Amino acid sequence: MPVVTLYFNRLQKLLGKKTSQKKIISTIPFIGLDIEEQTKDHISVEYSPNRPDYSTDYGIASSLQGLLGIKTGMPKLKIKKGKYSIKVDPSVRKVRPFITSVVAKNGKLANETIRQLIAMQEDLHNGIGRRRKKTSIGIHDLDKIKFPLTYTTVSKDHKFIPLTSSSEMSISEILQKTDVGTKYGNILGNSQKVPIILDSIGNTISFPPIINSNLTTVSKTTRNLLVEITAVDKNAAEDTLAVVTHTLQNAGFSIFSTKISGANNSTPSLNSRRIILEVDLVNKILGLDLSSPTIISSLRKSRLDAKSQGNKIICTIPRYRTDIFGTMDLVEEVALGFGIQNLEPTIPHSVSTGQKNKITKALDSVSAIMVGLGYFEAMNFGLVSKEVQYDLTKRNSSKMISVDDSKSQGHTILRDAILPGLIDALSRNIHETYPQKLFETGVVFSKVSNEIREEIHLACVCAYNSVSFSEVKSILQSVFKTGFGLQCTTQMTSAPMFSEGRTATIIINNKTVGVIGEISKEVIDSFKLRIPVGGFEVKLTGLIFD
């Protein structure tokens with residue numbers, strides 16, 4: 001998770017009230033931060049990506065002010081009407097359709113402030129922005145820009161001087177010859193036109209989501225900023241803008257609006273929102289008997305606004321709090337504001353004693369046997385990439401189950417087999433010593449009619465020069481005979497991933513339950529492995545448990 005460095009002298013100034021280092025350090029964990037490093041001058045803290053406002057010391061100081069009682073309630077975002085505008089050309093719809101923006105004026109940028117803003121920018125790119133694919137941020141020296149701006153597209157022959165460079169480069173050159181271009185250029189796909197932001201006299205301001213122009217480089221002498229965010233999702237763009245805007249306001253800048261028009265774009269709305277919270281729900285979940293005023297006070301310490309309305313509480317949430325979705329999130333905020341340290345743990349009343357279920361016990365037995373046979377357990381995700389699951393393994397993808405709007409970049413497929421992931425794990429460890437022996441038990445998915453079904457499989461791979469079908473078969477038989485008293489037989493067959501003549505179906509209780517064999521040379525080459533691999537995959541559901 002991302003890490004932020006907090007310097008005590010700077011943080012104490014941001015808090016606005018004399019607060020000892022000891023008090024700061026003792027309070028930090030209660031706003032959801034883990035202390036990674038501590039020195040006499042600073043501490044480094046790790047924050048959850050669902051709190052992007054913690055990407056700078058400004059956001060962290062704001063939360064600390066609440067818990068310490070220095071400032072409570074929702075920080076008010078003050079946006080003055082600006083004389084700035086961006087016109088959006090319809091051509092951007094096919095590449096990166098949305099843009100949003102604000103102007104921040106009359107601020108001062110110390111070296112540490114610039115460092116914090118750059119770190120925030122990258123954390124937001126990796127979090128909300130999904131490595132710039134969903135949103136990307138440009139921060140510019142406003143005084144170098146002539147308004148109005150135009151957000152449009154240009155050909156790859158278009159030239160400008162990119163950030164940190166002293167010579168002109170074409171878009172094509174930037175994509176091919178710069179580190180940032182090669183890293184993020186794939187976001188734009190194969191489009192012949194790319195997004196660009198131009199000012200009123202034709203100067204290039206930014207080539208999103210790749211790089212800014214050197215013209216608008218921010219330095220210690222910069223006093224006025226333009227913030228622009230381009231995106232494929234308008235809501236994500238405004239979420240990102242809200243975090244940046246609040247941060248700049250906390251840094252001492254005055255915020256001015258930018259008018260956005262054209263191609264389904266509009267001036268950003270960064271308004272707060274309201275959620276109704278039941279007092280009874282709070283007390284039921286927390287096991288307390290808090291009054292409405294106490295709950296309201298706790299919410300205000302979490303930097304939210306709240307007011308009572310009968311037995312309900314109307315909560316007002318600032319736009320930058322993208323982590324709050326519903327009432328259960330607000331209950332957590334009450335707990336934080338009330339003080340986690342003030343909650344007394346109790347033993348729940350129950351008429352039964354908890355115990356492992358049959359499936360867990362059976363899987364524990366399988367794991368113990370595999371470890372005893374010299375195998376290391378792997379744990380892969382159920383959401384995988386099409387490349388690993390089908391393309392590299394030469395498997396038929398006709399029954400592939402795709403996930404709509406996956407939040408995991410590149411991982412959009414529910415796995416229907418475990419073996420591809422284990423082979424991929426081998427490919428990531430080619431510099432380690434051999435033999436390499438891995439196994440995994442986990443859920444796989446299949447589609448029957450319109451129903452998604454889940455089953456638990458066991459798979460293993462063994463990689464070294466002398467691996468053979470017979471060795472892998474002996475492992476298979478040991479697992480089922482030792483652990484469950486089941487006899488395994490095999491019958492020659494052919495299957496994707498496996499070598500012809502060295503592949504068999506696994507038969508237990510007269511049922512075909514899996515496949516075993518030596519991985520084909522074609523698949524081994526696809527994964528850039530340098531050594532033979534054997535393996536098997538067998539269905540456990542319906543075999544050792546229902």
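How many helices and strands are there in the chain? In this predicted model, the count comes to 15 helices and 28 strands. Taken along the principal axes, the C-alpha atoms fill a box of roughly 80 × 70 × 50 Å. Of the 546 residues in the chain, 51% are buried. Sequence-distant pairs show up a lot in the contact list: among contacts with a separation of 6 or more, 70% are between residues 24 or more positions apart.

On the domain level, the chain is divided into four pieces: domain 1 (3-68), domain 2 (79-165 + 178-266), domain 3 (273-339) and domain 4 (358-539). Domain 2 is thus written as two segments, 79-165 and 178-266. As for the pairing of domain 1 with domain 3, their C-alpha centres sit 23 Å apart. That contact draws 10 residues from domain 1 and 8 residues from domain 3.

Next comes a pair of helices, H9 (residues 292-301) and H10 (residues 327-338). Packed helices like these are usually put in terms of two numbers, the angle between the axes and the distance between them. Here the axes come within 7 Å and cross at roughly 90°. An angle of 65 to 115 degrees counts as roughly perpendicular, so H9 and H10 are roughly perpendicular to each other. On the H9 side, the meeting residues are Thr294, Ile295, Ser298, Leu299 and Lys301. H10 answers with Leu330, Glu333, Val334, Gly337 and Phe338. Sorted by character, the residues of this contact split into 5 nonpolar, 3 polar and 2 charged.

Just past H9, in the loop between that helix and strand E17 (305-309), is Arg303. Arg303 is not a glycine, yet its phi is positive, at about 65°. How accessible is Arg303, buried or exposed? Its relative accessibility is 6%, and buried means under 20%, so Arg303 counts as buried.

A second arginine with a positive phi turns up elsewhere: Arg130, again not a glycine, has a phi of about 50°. Arg130 is found in the loop between helix H4 (111-126) and strand E6. With a relative accessible area of 28%, Arg130 is partly exposed, whereas Arg303 is buried.

Strand E6 itself covers residues 135-141, and Asp141 belongs to it. Is this aspartate buried or exposed? Asp141 has a relative accessible area of 8%, and is therefore buried. The Asp141 side chain reaches the backbone nitrogen of Asp143 at 3.1 Å. Leaving aside residues up to four places away in sequence, Asp141 touches Thr216, Thr217, Val218, Thr222 and Asn224.

Further along, the loop between E6 and strand E7 (149-155) holds Pro148. Which form does the peptide bond from Phe147 to Pro148 take? That bond is cis, with omega near 0°. Another cis peptide bond joins Tyr434 and Pro435, where omega is about 5°. Pro435 also sits in a loop, the one between helix H13 (419-427) and strand E23 (436-448).

Technical notes: Residues are numbered from 1 along each chain as its sequence is written. Side-chain values use heavy atoms; hydrogens and water are left out. Axes are lines fitted to C-alpha atoms, for helices over the stretch in contact, and angles run from 0 to 180 degrees between N-to-C directions. Helices (H or I, at least four residues) and strands (E, at least two) are DSSP runs, numbered from the N terminus. Angles under 35 degrees count as roughly parallel, over 145 as roughly antiparallel, 65 to 115 as roughly perpendicular and the rest as oblique. Contact means heavy atoms within 4.5 Å. Ala, Val, Leu, Ile, Met, Phe, Trp, Tyr, Cys and Pro count as nonpolar, Asp, Glu, Lys and Arg as charged, and the others, Gly among them, as polar. Buried means under 20% relative accessible area, exposed over 50%, partly exposed in between (1.4 Å probe, protein chains only). A polar contact is a pair of N or O atoms within 3.5 Å; within protein, one must be able to donate a hydrogen and the other to accept it, and residues adjacent in sequence count only if both atoms are side-chain atoms. Domain bounds come from an automatic or database domain assignment.
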